[in-house]
Structure formats: structure tokens, C-alpha cells
Amino acid sequence: MAAGRERVMVVLGWWRRRSHAARFDLSVRWSFYLNFAFVPFLVAVGLAPELGAAVWLVLALIGVHVLLCVQLVRAGLDNYLGRGPRPTALIAATAALTAAGTAGGYLAYPEVTPGHPDGPANGILLILNGCFVAALATAVRPRVTALAAAAACAAAYTLSALQGAPVPDAVVAFGMLLTVVALAGRVSAWMLGLVWELDRAREVQASLAVAEERFRFARDLHDVVGRTLSTIALKAELAAQLARRGQDTAIDEMLEVRRVAQESMTELRAVVGGYRSANLDVELAGARSLLASAGIECRMIGESGGLPEPVRTPLGWAVREGVTNVLRHSDARNCTIALRPGASGTVTLTIENDGVRGEPAPDGGRVRFGGGLVGLAERAAGLGGTVAADRLRERFRLTVELPTRAVAAAEEGPA
């Protein structure tokens with residue numbers, strides 16, 4: 001019982017680690033496979049009374065044909081998604097078996113079944129050509145599929161004529177069936193490609209959002225530090241030239257260098273301080289929007305309205321750091337951000353997500369900190385709080401706990 005439950009958990013964990021696009025891909029492929037797998041049972045139930053002693057030979061033919069069609073669908077979808085070459089040899093083999101099976105069906109059953117408008121050969125033709133057209137629609141362009149469907153309709157009409165009872169209405173119905181089957185196959189491939197394209201677009205959008213924030217910080221640093229360092233370099237060079245000439249104005253120039261450097265430090269602190277400051281409400285709203293743009297469902301628990309100002313800024317930066325880690329280091333589909341007041345005058349922020357990459361940590365799930373989490377832990381320790389990061393099977397949890405009476409002087413986030 002326990003072993004079975006463990007296997008179920010493994011399967012569920014494997015399914016949850018897959019992205020929405022990967023799940024849809026798997027669903028589309030297996031819908032094809034299961035439909036093809038049902039075909040031999042359909043033959044056994046519908047045609048067995050008319051096939052006589054050759055029923056097992058026909059079922060073997062249908063089974064091999066179904067396997068080829070399944071392989072053709074797999075390779076055709078991979079080709080449509082740009083993951084593999086066009087399966088030309090597989091198309092040719094399946095087409096050859098379809099034609100051979102159709103001809104063999106007529107040779108084995110040239111007459112119609114007494115009391116019926118057709119015979120076993122007609123059923124074999126319908127099944128072989130229907131499966132082939134459905135599989136072919138995923139691997140080639142629509143006009144090629146249309147030619148194959150037209151050839152199948154011509155074969156159906158020819159077979160009826162050879163049996164002495166051509167039925168145009170039945171051939172038209174067969175053509176309509178092939179059209180529906182071909183459209184279903186092609187639309188499924190198109191939808192699959194569209195879902196993967198949307199998945200890639202969401203990943204790019206999330207990466208661009210993170211890159212944009214980095215670019216903004218780099219641009220501000222360049223504007224401030226680049227200008228002042230150029231000024232310092234020029235004035236230092238001028239002071240050196242004046243000093244070599246023994247002019248007292250060199251002292252004035254060096255004092256000017258000191259003044260510019262002090263102003264630069266003030267501007268740099270303002271830039272870094274603006275980057276470090278993080279309004280908790282703004283960060284929570286931004287986290288929801290950013291995660292949604294990356295295709296990650298975000299759930300918010302708790303309210304931030306009653307928190308004192310000294311802890312709001314470090315918690316806001318913790319949200320920013322945690323969400324950045326979710327985007328950069330996971331394949332998350334779900335993320336939960338919770339704010340919970342503690343009974344001992346503390347507030348706890350937890351950010352938990354699925355889609356963790358790599359193997360679990362060897363020391364019971366505790367995760368080693370990177371640069372961002374180290375800075376966050378240092379700031380939390382300065383406020384009397386703690387930071388913990390844990391790997392729980394396929395989930396990652398970041399926990400930040402701060403006292404609500406944190407000193408107001410420590411308002412900037414970590415580097």
C-alpha cells in the first residue's frame with residue numbers, strides 16, 4: 001500500500017514539474033496515440049464476423065499500421081515544432097503499407113457481404129486510409145494531405161466499381177470524414193505550436209523584466225559615477241601639472257577634487273538608496289503582475305496594512321529578491337506569498353514555489369545562500385530577524401521573520 005502511494009506521489013510530482021505547455025504537448029500526443037490504439041478493437045468488433053479465418057492476419061496488419069501511424073504522429077509533431085527533420089522515410093513506409101493493405105483487402109474479399117452494401121475490403125480501406133490521413137496531417141502541408149485524401153476517395157470509388165455497386169454518396173461521406181480527420185490533426189499541431197510559442201514568449205517577457213531592472217540600475221550608476229569620475233580625473237591631472245610647476249593653485253584643485261568626490265558619494269548613496277528602497281505594497285502588486293506575465297499563478301495570503309513602517313521596506317525588498325529567484329532559478333507554475341503576524345511581536349513572510357530545478361540538498365532540505373540571500377540575511381540579522389531557505393521535495397520556501405519593533409534607522413535593503 002505504501003509502495004503504491006509512493007509511486008502515485010512520484011507520478012504526481014513528475015506531472016507538476018512539467019510546464020503548462022509540456023502538459024498540453026503530452027495531452028495532444030496521447031490523444032492521438034489512444035485514438036489509434038482503439039482502432040484494432042474497432043476492427044475486432046465491427047469486422048470480425050465478416051473476416052472469417054483471416055481475422056488474425058487482418059488484425060496483425062492493422063496493428064502494424066497503427067504502430068507506424070503513431071510513430072508518424074510523433075515524428076510529424078516534432079518536425080512541426082522544429083525539433084526534428086521531416087519523417088520522409090516513415091511517410092513513405094506508412095503510405096506503402098496503406099496501399100498494400102488496401103489492395104490486399106480487395107484481393108482477399110473481392111465481393112460485398114450478402115445483405116450489405118459493401119464488404120470487408122471497404123472497411124479495411126476506410127480504416128487504413130483514415131488512420132494514414134490523420135497521421136499524415138501532422139507531418140506535411142495541408143495540400144499534400146488533401147492529395148492523399150483525394151487518392152483515398154478515388155480508391156474507395158474504384159473498389160465500389162470493381163465490386164459492381166459504385167455508391168457515390170458513400171464516397172462523398174468518406175471524403176468528408178477524411179476532411180474532418182485531416183483538419184483535426186492539423187489544428188491539433190497548430191494549437192500545440194501556438195502553446196509552445198506562448199510559453200517561450202512568457203519566459204522572454206520575464207527575463208526582459210529582470211534585465212530591464214538591471215539596466216535601469218546600470219544606467220543610473222553610469223550617469224552619476226561616469227560623469228563625476230571623469231571630472232575627478234581631469235582635475236587630478238590638472239592638479240598634478242600645477243604641482244610640477246610649483247603653483248599653489250594645485251592645492252585648490254585638489255580641494256575641488258575632494259568636493260566633487262564627496263558630491264559623487266552623496267549622489268551614489270541616493271541612487272543606491274532609491275534602488276534599495278522597496279514599498280511593500282508596490283512590491284507585492286509588482287510580484288503578482290510579474291509572475292502572471294511569466295505564466296506563474298500567484299496566490300497572496302495576508303495583509304500588509306497593519307505593519308509598522310520600519311519593517312515594510314526590508315519586507316518589500318525580500319519580496320523583490322524572492323520573486324527574482326523564482327523567475328531565475330525555477331520552472332515554477334505556482335507561487336504563494338504569505339504575510340503572517342506572529343504571537344511574539346514578529347511578522348513572517350514566506351514565498352513558496354514549485355518547479356524547483358536540480359536535486360534536493362543533501363542536508364535535509366536546507367539550501368545554501370547565494371549573494372542576494374546572503375545580503376537579505378545580513379539585513380534581517382541587523383533588525384533582529386532571520387532568513388531561511390528550504391527545499392521541500394519539488395518546492396522551495398523562503399522564510400523571512402522580522403520583529404515589528406525593528407529600528408527605524410535600518411530602512412535600506414541589502415546589496
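These are my notebook entries on salt bridges and a nonpolar surface patch in this structure.

**Entry 1: the starting point**
I kept in mind that this is a predicted model. I began with the charged side chains and found that the structure holds 9 salt bridges. I looked into three of them, listed below.

**Entry 2: Asp78 and Arg29**
I looked up the salt bridge between Asp78 and Arg29, where the closest N and O atoms sit 2.7 Å apart. Asp78 belongs to helix α4 (residues 55-80) and Arg29 to helix α2 (residues 20-46), so this pair ties together parts that are 49 residues apart in sequence. Next I checked accessibility. Asp78 has 17% relative accessibility and counts as buried. Arg29 is buried too, with a relative accessible area of 8%.

**Entry 3: Glu197 and Arg200**
I then turned to helix α8 (residues 168-244), which holds both Glu197 and Arg200. Their side chains meet in a salt bridge, at 2.7 Å from N to O. The two residues are 3 apart, about one turn of the helix. How exposed is Glu197? I found it partly exposed, with a relative accessible area of 44%. Arg200, at 41% relative accessibility, also counts as partly exposed.

**Entry 4: Arg395 and Glu352**
My third pair was Arg395 and Glu352, whose side chains form a salt bridge at 2.8 Å, N to O. This one links distant parts of the chain: Arg395 is in strand β5 (residues 395-403) and Glu352 in strand β3 (residues 346-353), 43 residues apart. Is Glu352 buried or exposed? I noted it as buried, with a relative accessible area of 18%, which is under the 20% cut-off. Arg395, by contrast, is partly exposed, with a relative accessible area of 28%.

I also asked which residues are joined into one network by salt bridges that share partners. They are Asp25, Arg29, Arg74, Asp78 and Arg83, so I went back to Entry 2 and marked the Asp78–Arg29 salt bridge there.

**Entry 5: a nonpolar patch**
Last, I moved to the surface. I found a nonpolar patch formed by Tyr80, Leu183, Val187, Trp190, Met191, Leu194 and Leu198, with about 660 Å² of accessible area together. Which element gives the largest share of this patch? Helix α8 does, with 6 residues. I picked out Leu183, which is found in helix α8. At 53% relative accessibility, Leu183 counts as exposed, because the cut-off for exposed is over 50%.

Terms used. Residues are numbered from 1 along each chain as its sequence is written. This is a predicted model: local features need pLDDT of at least 70, side-chain atom pairs count only at pLDDT 80 or more; totals for chains, interfaces and linings use all residues. Side-chain values use heavy atoms; hydrogens and water are left out. A salt bridge is a side-chain nitrogen of Lys or Arg within 4 Å of a carboxyl oxygen of Asp or Glu. Helices (H or I, at least four residues) and strands (E, at least two) are DSSP runs, numbered from the N terminus. Buried means under 20% relative accessible area, exposed over 50%, partly exposed in between (1.4 Å probe, protein chains only). Patches are made of residues with over 30% relative accessible area and no salt bridge: like charges are joined within 9 Å, nonpolar side chains (Val, Leu, Ile, Met, Phe, Trp, Tyr) within 5 Å. Accessible areas come from the Shrake-Rupley method with a 1.4 Å probe; for residues, only the protein chains shown count as cover.
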